[in-house]
Amino acid sequence: MPKLPGKLFRVTVLLVAFGSLYLVALHKHAEREEIRKAAVALTPGCTEKLGRYGLTPGEQYESPYVAQRAAVRTVARGYSEEDVRAVQRGCNIVDDSQGTLASEPWRERWNAKRFIRGSHASCDHCHRGIGDLQDASGNRLPGSNSLAASWTMGDMYDRFTGLLLPYELRQMQCYINSSNGFKPNLADDVIRDVTAYSRFLSGALDLKIANHYEEQGIDEIPASATLKQGDDYIRGEALYKDKCQGCHGLQGLGLELNGQLIAPAVAGPNAWNLQSRNNFYFVSTILAGFICRNMPPGQENTLQHQDCRDVAFYISNLPRPAGDRQGPIAALQQQLFMAVMPPLLRLSGSSKAPPPPLEHASASTPEKVRVENAE
Amino acid sequence: MKALAIALRSQALLWQQWPKIGGHLVVGLTLALVTLPQAVAFSVTLAGVPPHFGIYAAIWGVLFCAMLNPSPVFHGGPNTAMSAAIGVILLPTAAPFGAEYMGLALTLGLMCGLIQLLFWLIRPLGRMLDLISEPVINGMICGIGLFLIFRSLTTFGGLPANTEVEWPLWIAWHSFLAILEVGNLHAIGIGLITLVTCAVLQQFERLRNWAILIGIAAGTLYSQYLSARLGLENTLIEQIGNLSSIRPISPSVPAFTQDALPDIIAIVPGAVTLALLGLFQTVAAMRRMSRKAGGFTDSRKAIFADAVSNCLLPFVSSLPTCASFNRMWLVHKLGIHSRITIAASAVLLLLLVLFFARAIAIIPMPAMAAVIMLLGANMLNWEDIRPHFKNRRETVVFLGSFLSVLFLDLFSAVLVGSALAIAYSKWEQVNPNVSLRGNVLKIKGNIYYGSLPAIEAIYHDAVTRVGDLIVDFSECYYIDPEGVRWLAAAKASRKVGFVDRRSGQNRRSVVLTASERRRRDRRRQSEF
């Protein structure tokens, strides 16, 4: 019996601790529910995009895009107010994952930043055009990493691991590799809203489920699409300095002005990690394809295939974080590289003579490229 | 009449022995119920094989170990680290859950058993496993305890598991936040009811053995109440599910076809890792728990039991087995140390799966997660780890092992902890305690190739400063051939005398220098 007060104390502490946790959970759930019901402040990009696609609550949905381009009326089941808000939040997350345009990022972006390491990565950087890249005439572009086309594939077998990946798990790969961050839980709104947005896009563009569209993924550039001269780090460096350094910086660390991100990092702590498929050593065709398709802004599709592979090769050699499955030793090693290499490169870069102009013929276009050192 | 008398006598015996038998049954049932969700979860989420692989490991693996391993606290069966290792080793070879993958999983298990058999046959290899010190084991136990809590968080909150493998602390933190923000409140309620019931009942000695069973029953009742009121389609509570397809035994043959040969060769290094992973845990867990229970079991017997079990299990569609820290901890906590209880748990699990599959099917997973979390919390026992903080070296070894579980994995924890412990013991050996008092140079420790430089430095300094130096190596417990040669050379130089009292009879054996000899002769002459 003398032990009774001790036991009572322990039992009370347990009950209070667990009870408090349950109350906190109730409060957090109520907060989430309130956010789900609140009106959504759209980013300028989303206002334009969702406005163009006529997203409004209603019994039926008819896509203005399809009506205008195909001169066909496609009437589908409409969206509830709850659906519309989910699509709007999803669009905001894709356009501005870091929440720089939001007044309360943790509320308006479902804490997406919690799952991203660094201050640069945003879905829109790879999934250009808020996941739906089109040219000036409204034509969807092949190999533009479209979220709509990606969603129509639904669950997809991963071509590297052979695992069946639902759309939600594919988003997680973006979080852990391309954003070098953490996996959100499958049930998290941050995943569900992006899925809702992707699904809406596919409806608005009249893409049919289970079909493969050219906009899905990136039109990759394998070595066979070049003259097979081999990927050249030195040429890649020279090209990078000529074409990319102005925005992405000498070290590829990105460019920020007055707190605004001008160009995201392609190396260093804010960039994708070694296990991302953007990494040339992991998959050598994806980053090259992205560069040819999207870079430099305003001069898209001007680089030759070999140029893109060379630049991708060079960029992938710059220090960047280790991947999720590479373990703490690799992580430490990469952190060390990221701390040591930039000052060393700065020193060597400032004293280095400009490389000689390069001459090169590629498979795709015969003209020669003159590369001048930007230093 | 005779038959009636025998029946009456056996009934009386049963009645007398009932408290003991009842105790075995309660503990066995608790163990069976605790093992079941682990078996399902480990096989499906970690190893990438159907749930019956884990269940057969929980039945046949436990039974084989109970029969072959003489330790009364040893509980085998499916293991987290081994299951995870199987998933990682086989991922590059075939798609999980496929026929090819399952065949290779069985081959991997068999190779693991054969390699473990080598550890039993080659005695020095087996002895190497004894180099895991107590702080390493306790560090692992605490790490595994926390790991179990972290792993169960998502199931506790009714959420899908986070499949991220690295940075468990971050994943745990994110999972905790996910429970608070988007967790299934019904699941959390069931988990909390189970957890509170178990934790409260555990405070009372009489109810301790019943705590987990009552906790699971309370969680299941609440879950059934919710389902009746709201419908399972609204509560979305995950349950153990239908296991009625399980048979008592499911014969299988590991894949050894010519087609599979390249894959089999590719997984040989993985099989070595798997074998070591199992043996390290078995030896460490058995030694720790046997010591806590006040007994001793030769680790070679445990190696033999694991090896033979793992050679047999691939033929009954089972995952490989090794010691389970958490279930052995539970056996110890429940206070019944007996192989009968362990074997009873396997038999009871088989009976449950065969005859009560429908009743088991409704047990909610959050309740099982709560039980596993409680087990994890019980493994963090301050009384056990406090002694390690009284010695700096033990503290470092303990922390090294503990943090390695959290930041690396179990296997690395064993390696890091053992490396630290061996490094410390080596450091102690290469730095013997050498002191000069008067003209006596006393060496405590080893005289061997590693410590000689340290001894020589002080010896040469003493020789130059002190005349008639005497080297006392009475407290040396090991002198290697290089040390003997050094001592012979020192003696040959005739600058020193030696004292060695290592016979233990206080007998003095003195090798005198020339001047000492002269002094002794003079003393004897005067005495004479």
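**Exercise 1. Burial and contacts in the two chains**

Task: State what share of the residues of chain A count as buried, and set beside it the share for chain B.

Solution. Step 1: fix the criterion. A residue is buried if 20 or more other C-beta atoms lie within 10 Å of its own, exposed if 12 or fewer, and partly exposed in between, with C-beta atoms placed from the backbone. Step 2: apply it to chain A, where 43% of the 375 residues count as buried. Step 3: apply it to chain B, where 47% of the 528 residues do.

The model is predicted: local features need pLDDT of at least 70, side-chain atom pairs count only at pLDDT 80 or more, and totals for chains, interfaces and linings use all residues. Residues are numbered from 1 along each chain as its sequence is written, while chains are lettered from A and ligands numbered from 1 in the order in which they are written.

Step 4: add the secondary structure, taken as DSSP runs numbered from the N terminus (helices: H or I, at least four residues; strands: E, at least two). Chain A has 14 helices and six strands; chain B has 23 helices and five strands. Step 5: add the extents along the principal axes. The C-alpha atoms of chain A fill a box of roughly 85 × 70 × 45 Å, and the C-alpha trace of chain B spans about 105 × 65 × 50 Å.

Step 6: add the contacts, where two residues are in contact if their C-beta atoms, placed from the backbone, lie within 7 Å. Among contacts in chain A between residues at least 6 apart in sequence, 65% join residues at least 24 apart. In chain B, residues 24 or more positions apart account for 76% of the contacts with a separation of 6 or more.

**Exercise 2. The interface**

Task: Find which element gives the most to the side of chain A that touches chain B.

Solution. Step 1: the contact takes 26 residues from chain A and 27 residues from chain B. Step 2: on the side of chain A, the elements that give two or more residues are α1 (4-37) and α14 (327-351). Step 3: α1(A) gives the most, with twelve residues. Step 4: sort this side by class, counting Ala, Val, Leu, Ile, Met, Phe, Trp, Tyr, Cys and Pro as nonpolar, Asp, Glu, Lys and Arg as charged, and the others, Gly among them, as polar. The side of chain A has twelve nonpolar, five polar and nine charged residues.

**Exercise 3. Helices α12 and α13 of chain A**

Task: Describe how α12(A) packs against α13(A), and explain why α12(A) is largely enclosed.

Solution. Step 1: Two packed helices are described by the angle between their axes and the distance between the axes. Step 2: α12 (residues 286-294) and α13 (residues 305-317) of chain A pack at an angle of about 120°, with their axes 8 Å apart. The axes are lines fitted to C-alpha atoms, for helices over the stretch in contact, and angles run from 0 to 180 degrees between N-to-C directions.

Step 3: α12(A) and α13(A) are therefore oblique to each other; angles under 35 degrees count as roughly parallel, over 145 as roughly antiparallel, 65 to 115 as roughly perpendicular and the rest as oblique.

Step 4: list the partners. A:Leu287, A:Ala288, A:Ile291 and A:Cys292 in α12(A) meet residues of α13(A) including A:His305, A:Cys308 and A:Arg309. By class, this contact has eight nonpolar, two polar and one charged residues. Step 5: α12(A) is largely enclosed by the rest of the structure because nine of its nine residues are buried. Among them are A:Phe290 and A:Arg293. The cover over these buried residues includes α7 (128-131) and α13 of chain A.

Step 6: inspect the loop between α12 and α13 of chain A, where A:Pro296 is found. A cis peptide bond joins A:Met295 and A:Pro296, with omega about -15°.

**Exercise 4. A residue in chain B**

Task: Decide whether B:Ile141 is buried or exposed, and list what B:Ile141 touches.

Solution. Step 1: B:Ile141 lies in helix α6 (residues 134-156) of chain B. Step 2: B:Ile141 counts as buried because there are 25 C-beta neighbours inside 10 Å. Step 3: not counting residues up to four places away in sequence, B:Ile141 touches B:Arg288, B:Phe325 and B:Met379.

**Exercise 5. Positive phi**

Task: Place A:Asp206 and B:Leu236, and classify their exposure.

Solution. Step 1: A:Asp206, not a glycine, has a positive phi of about 60°. A:Asp206 is in the loop between α10 (189-204) and α11 (233-248) of chain A, and counts as partly exposed with 16 C-beta neighbours inside 10 Å. Step 2: B:Leu236, not a glycine, has a positive phi of about 55°. B:Leu236 is in the loop between α10 (232-235) and α11 (261-266) of chain B, and counts as partly exposed with 13 C-beta neighbours inside 10 Å.
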